[in-house]
Amino acid sequence: MARVYIAYDLAGLTGSSGRADSFSRAHAVTPGLRAEFADLDEEALEHYAMTEAAQESLLMLADRLGQNRRVVLAAEAEHVTPVEGALTLVEVSEIAVPQDVIAWLVDTEEAIGAVAAAAAGLRSGDGENDS
């Protein structure tokens with residue numbers, strides 16, 4: 001089993017989306033990430049993969065006015081295949097929400113202002129996506 005991180009949104013977390021979600025792509029520690037950052041320990045590599053999912057969640061917020069909290073789901077996936085050319089992006093065996101989720105990582109209220117500003121910057125074209 002491999003730990004994977006999935007970009008999500010608050011509407012899905014609160015159940016207000018009216019959807020049953022499943023995913024086939026996520027972020028994880030891959031051989032490419034390990035090779036790129038050989039000096040980092042496993043915890044730092046996991047943090048890097050989780051941060052990439054948080055960045056993807058921020059990009060989702062840029063399309064949704066009024067949502068100002070990033071959400072990342074942590075899950076264990078049986079089959080993980082790295083996407084060629086991507087440091088953390090992987091294809092996974094289907095992960096169902098909430099059944100397969102082991103942790104829900106959600107921005108605190110203190111982060112709302114900074115997240116809203118970052119999402120607004122992306123909406124206005126001022127933000128950059130380096131991933």
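**Exercise 1. In what order do the elements of the protein chain run from the N terminus on?**

Solution. This is a predicted model, in which local features need pLDDT of at least 70, side-chain atom pairs count only at pLDDT 80 or more, and totals for chains, interfaces and linings use all residues. Residues are numbered from 1 along each chain as its sequence is written, and side-chain values use heavy atoms, with hydrogens and water left out.

Step 1. Helices (H or I, at least four residues) and strands (E, at least two) are DSSP runs, numbered from the N terminus.
Step 2. The protein chain holds four helices and six strands.
Step 3. Their order from the N terminus is β-α-β-α-α-β-β-β-β-α.

**Exercise 2. Describe the nonpolar cores.**

Solution. Step 1. Buried means under 20% relative accessible area, exposed over 50%, and partly exposed in between (1.4 Å probe, protein chains only). The protein chain has 131 residues, and 35% of them count as buried.
Step 2. A nonpolar core is a set of buried Ala, Val, Leu, Ile, Met, Phe, Trp, Tyr and Cys residues joined through side-chain atoms within 4.5 Å.
Step 3. The largest nonpolar core has 14 residues, of which V4, A26, L73, V90, V92 and I95 touch the most other members. At least two residues of this core come from each of β1 (2–8), β3 (71–77) and β5; β3 gives the most, with four residues.
Step 4. Another core lies apart from this one and has nine residues, including Y5, V29, A49 and V72.
Step 5. Contact means heavy atoms within 4.5 Å. Leaving out residues up to four places away in sequence, L73 touches V4, Y5, I6, Y8, V97, V101, A103 and W104.

**Exercise 3. Classify the aromatic pairs of Y8 with F23 and of F37 with Y48.**

Solution. Step 1. A pair of aromatic rings is described by the distance of the centres and the angle of the planes. Rings of Phe, Tyr and Trp (its six-membered ring) pair if their centres lie within 6.5 Å; planes under 30 degrees apart count as stacked, over 60 as edge-to-face and the rest as tilted.
Step 2. This rule gives three aromatic pairs. For Y8 and F23 the ring centres are 5.8 Å apart and the planes stand at 70 degrees, so this pair is edge-to-face. Y8 belongs to strand β1 and F23 to strand β2 (residues 22–27), 15 residues apart.
Step 3. Y8 is buried, at 3% relative accessibility.
Step 4. The ring centres of F37 and Y48 are 5.1 Å apart with planes at 45 degrees, so this pair is tilted. F37 is in the loop between α2 (31–36) and α3 (42–62), and Y48 is in helix α3, so the pair ties together parts 11 residues apart in sequence.
Step 5. F37 is partly exposed at 24% relative accessible area, and Y48 is partly exposed at 26%.
Step 6. Ring pairs also link Y8, F23 and W104 into a cluster.

**Exercise 4. Which residues of α4 are buried, and where do they lie around the helix axis?**

Solution. Step 1. The buried residues of α4 are V115, A119, G121 and L122.
Step 2. The arc is that of the directions from the helix axis to the C-beta atoms. Down the axis of α4, the buried residues fall within an arc of 155 degrees, so they line one face of the helix.
Step 3. Their cover includes α3.
Step 4. G125 follows α4 and has a positive phi, near 90 degrees.

**Exercise 5. Locate the cis peptide bond that involves P98.**

Solution. Step 1. The cis bond joins V97 and P98, with omega about 5 degrees.
Step 2. P98 lies in the loop between β5 (89–96) and β6 (101–106).
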